[in-house]
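I opened a new notebook page for this structure. The entries below follow the order in which I looked things up.

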Amino acid sequence: MAELSTIARPYAEALFEAAREAAPAAAQWEPALDAIAAMVAQPQVAAALSNPRLSEARRFELISGLCGQALPAPVAELLKLIIENGRLAALPDVAAQFRKLKNASEGVADCLIESAFALGAEDLASLLAALSKTFPVRLKPDVRVNPQLIGGVRVTVGDRVLDNSVRARLDAMQAQLTA
């Protein structure tokens, strides 16, 4: 939803600027932000948090308690501000935009690699070497097994998708035959 990303941008930028100023200490901010964003994105938690009888302090306690870890002070302050402004739905977008800003400053990109079968370390290394020719940034791979691909791999970096799976080829053949 474009509106949520517009709402999330100032929060993400403010946290990113604070993280740049507190550089070494900010290493735990991204995992903590991801953890609370994941909590808020769960339907049962979102339903519980939408209860109008919950105070802002109780919402904060609930989220930070479910997180299972002590939140760094800047992330806790951001969460309090988001709760105070009634913007909890934008929290997953805040986390995503913060990660994009952080990755861009480090010359890194998140890379989702889906494969029909588990990739060995050697296969992954050669795939990343081949992808480095296409993408001018260092890739942080997230490898997942997706048996629906039948064979091959699908690589997603940002908004670019390289789909060399058997499933994609079969879908393309079906589209040509039915056209």
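**Aromatic rings**

I searched the whole structure for aromatic pairs and found 1. I was working with a predicted model. The pair is Phe 16 with Phe 98: the ring centres are 6.4 Å apart and the planes stand at 70°, so I entered the pair as edge-to-face. An angle over 60 degrees is what that label needs. I then looked up where the two rings come from. Phe 16 belongs to helix α1 (residues 2-21) and Phe 98 to helix α6 (residues 91-106), so far as the chain is concerned 82 residues apart, and the pair links distant parts of it. Are these two residues buried or exposed? Phe 16 is buried, and Phe 98 is buried too.

I also noted a charge over a ring. Lys 80 lies over the face of Phe 60, and I wrote down 5.0 Å to the ring centre.

**The chain overall**

I next listed the secondary structure and got 8 helices and 4 strands. Reading from the N terminus, I wrote the order of elements as α-α-α-α-α-α-β-α-β-β-β-α. For the extent of the chain I took the C-alpha trace, which spans about 55 × 40 × 30 Å along its principal axes. The chain has 179 residues, and 33% of them count as buried.

**Helix α2**

I picked helix α2 for a check of its length. It covers residues 29-41, which is 13 residues. From the first C-alpha to the last it reaches 18 Å, close to the 18 Å expected at 1.5 Å a residue. I then asked which residues of α2 are buried. My list reads Trp 29, Glu 30, Ala 32, Leu 33, Ile 36, Ala 37, Met 39 and Val 40. Glu 30 is a charged entry in that list, and I kept it for the next page.

**Salt bridges**

Side chains of opposite charge can pair when their charged atoms come close. I counted 13 salt bridges. One of them joins Glu 30 to Arg 99, with the closest N and O atoms 4.0 Å apart. Glu 30 lies in helix α2 and Arg 99 in helix α6, so this pair ties together parts that are 69 residues apart in sequence. I looked up the accessibility of both partners. Glu 30 has 9% relative accessibility and therefore counts as buried, since the cut-off is under 20%. Arg 99 has a relative accessible area of 23%, which makes it partly exposed.

What else does Arg 99 pair with? It forms a salt bridge with Asp 110, where the closest N and O atoms are 3.4 Å apart. Asp 110 is in strand β1 (residues 108-115) and Arg 99 in helix α6, so the pair ties together parts that are 11 residues apart in sequence. At 32% relative accessibility, Asp 110 is partly exposed.

I checked another pair, Arg 154 and Asp 163, whose closest N and O atoms are 3.2 Å apart. Both ends are partly exposed: Arg 154 has a relative accessible area of 22%, and Asp 163 has 36%.

Finally I followed the salt bridges that share partners. They join Glu 30, Asp 34, Arg 99, Lys 102, Glu 106, Asp 110 and Lys 140 into one network.

**Ile 150 and a surface patch**

Most residues other than glycine have a negative phi, and most peptide bonds are trans. I noted Ile 150 on that account: its phi is near 70°, a positive value in a residue other than glycine. Where does Ile 150 sit? Its place is the loop between β2 (138-145) and β3 (153-157). Its relative accessible area is 41%, so I entered it as partly exposed.

Ile 150 also turned up in a nonpolar patch on the surface, along with Val 166, Leu 170 and Met 173. Together the four have about 310 Å² of accessible area. Met 173 is found in helix α8 (residues 166-178). I read 47% relative accessibility for Met 173, which counts as partly exposed.

**One distance across the chain**

The last entry starts from Pro 24, in the loop between α1 and α2. Pro 24 has 75% relative accessibility, so it counts as exposed. I compared its position with that of Val 166: the two are 142 residues apart in sequence and 44 Å apart in space, C-alpha to C-alpha.

Terms used. Residues numbered from 1 in each chain as written. Predicted model: local features only at pLDDT ≥ 70, side-chain atom pairs only at ≥ 80, totals over all residues. Heavy atoms only, no water. Helix = DSSP H or I, 4+ residues; strand = E, 2+ residues; numbered from the N terminus. Expected span 1.5 Å × (residues − 1). Buried < 20%, exposed > 50% of the residue type's maximum accessible area, 1.4 Å probe, protein only. Phe/Tyr/Trp six-rings, centres within 6.5 Å; stacked < 30°, edge-to-face > 60°. Lys NZ or Arg CZ within 6 Å of the ring centre and 35° of its normal. Patch = residues over 30% accessible without salt bridge, like charges linked within 9 Å, V, L, I, M, F, W, Y side chains within 5 Å. Areas by Shrake-Rupley, 256 points an atom, 1.4 Å probe, with all protein chains shown as cover. Salt bridge = Lys/Arg side-chain N within 4 Å of Asp/Glu carboxyl O.
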